[in-house]
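Colleague: I am new to this structure and would like to learn how to read its features one at a time. Could you take me through a few of them?

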Amino acid sequence: MAKESIVLSNGLKMPSVMLGTFRTRGPDVDIAISSALTAGYRGIDTAAVYRNHKEIADSLEDVLPKLNLKRQDIFITSKLSPSDQGTEACTKAIEKVLKELRTDYLDLFLIHWPGVRKLQVTHQDNRILRMQSWQVLEEYHKSGVLKSIGVSNYTIPHLQHLIQNCQVVPHVNQVELHPHYPQKDLVEFCSSNGIHCQAYSSLGQDGPSSQLFQSSTVNSIAQKLDKSVPQVLLKWGLQHGFSVLPKSKNPDHIKSNFQLDFTIPDTEMDELDTLHKTEAKKYAWDPQLVL
């Protein structure tokens with residue numbers, strides 16, 4: 001089982017494997033959370049733009065007592081919508097997230113995107129408004145409401161500007177990371193500044209139809225290790241020190257994605273680490289254009 005924790009720069013422990021809930025809505029939320037917590041997951045990743053806070057709160061209220069768990073046993077992450085950047089909007093958004101999730105604190109809160117909704121990506125206000133948002137996160141962190149704070153989809157220039165102007169260096173940068181898009185320079189920059197890299201889209205996107213999922217190299221390694229393709233791709237992330245956010249609505253897949261108590265040998269890790277040289281592909285949105 002995947003029981004390891006990541007220790008963030010502020011000393012907070014975060015599960016290395018958390019349930020992702022992107023595109024998980026309605027009854028699927030309860031199935032996913034119930035299956036995940038039963039399998040041993042102790043972390044849930046959500047966001048304002050996922051629009052599933054209420055369903056997550058409902059599910060936790062139902063499932064936690066059945067498993068003899070309490071709120072403090074679960075690490076919950078949410079994220080600021082790009083439409084809520086800026087001092088006033090960010091403040092209201094945090095209060096709304098807390099209310100929707102029915103909790104008086106969050107373990108981690110991230111600025112989801114460096115840009116601002118409906119603002120040109122090259123507009124100077126992107127930089128101004130996201131900095132205002134960060135200052136709000138810092139205040140909520142100091143008050144203990146946000147136990148840790150971070151960003152998502154930030155590039156090196158975004159991080160450099162933030163670090164030069166912040167009081168609290170981000171504890172986490174949640175970004176797209178997988179063998180087709182390893183972002184080595186960004187990972188090294190984060191590491192040198194004490195910022196933990198959390199990987200999303202570990203399997204590419206769209207599940208089995210993803211080019212990464214279908215890669216002959218990945219499938220060959222999975223067969224050799226007698227593991228599933230998702231298990232290999234998730235373990236690749238863990239062995240690089242990332243935390244991962246597998247998403248599924250299938251109870252069997254959710255359980256399997258947590259069974260990562262094996263090691264990918266050096267030779268196979270090298271194959272995965274060099275895969276981007278022949279099969280490079282980015283699957284999610286690209287923040288590099290945002291000023």
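Modeller: Let us begin with a pair of helices, keeping in mind that this is a predicted model. The axes of helix α2 (residues 53–66) and helix α3 (residues 87–101) come within 7 Å and cross at roughly 35°.

Colleague: Which residues make the contact between α2 and α3?

Modeller: From α2 come His53, Lys54, Ile56 and Ala57, while α3 contributes Val97, Glu100 and Leu101. Sorted by character, the residues of this contact are four nonpolar, one polar and two charged.

Colleague: How should I read a single helix, and which residues of α8 are buried?

Modeller: An α-helix has 3.6 residues a turn, so residues three or four places apart point the same way. In helix α8 (residues 216–225), the buried residues are Thr217, Val218, Ile221 and Ala222. These lie on the same side of α8 because they cover an arc of only 135° around the axis. On the other side of α8, Ser216, Gln223 and Lys224 are exposed.

Colleague: What covers the buried residues of α8?

Modeller: The cover includes α7 (211–214), α9 (229–239), α11 (266–273) and α12 (276–279). Just after α8, moreover, aspartate 226 takes a positive phi of about 60°.

Colleague: Which residues have the most contacts inside the largest nonpolar core?

Modeller: That core has 73 residues, and those with the most contacts inside it are Ile94, Trp134, Leu137 and Leu146. Leaving aside residues up to four places away in sequence, leucine 137 touches Cys90, Ile94, Phe109, Ile111, Leu146, Ile149 and Gly150. A second, separate core has 11 residues, among them Leu8, Phe75, Leu108 and Ala284.

Terms used
Residues numbered from 1 in each chain as written. Predicted model: local features only at pLDDT ≥ 70, side-chain atom pairs only at ≥ 80, totals over all residues. Heavy atoms only, no water. Buried < 20%, exposed > 50% of the residue type's maximum accessible area, 1.4 Å probe, protein only. Helix = DSSP H or I, 4+ residues; strand = E, 2+ residues; numbered from the N terminus. Arc of directions from axis to C-beta. Contact = heavy atoms within 4.5 Å. Axes fitted to C-alpha atoms, helices over the stretch in contact; angles between N-to-C directions. Nonpolar A, V, L, I, M, F, W, Y, C, P; charged D, E, K, R; others polar. Core = buried A, V, L, I, M, F, W, Y, C linked by side-chain atoms within 4.5 Å.
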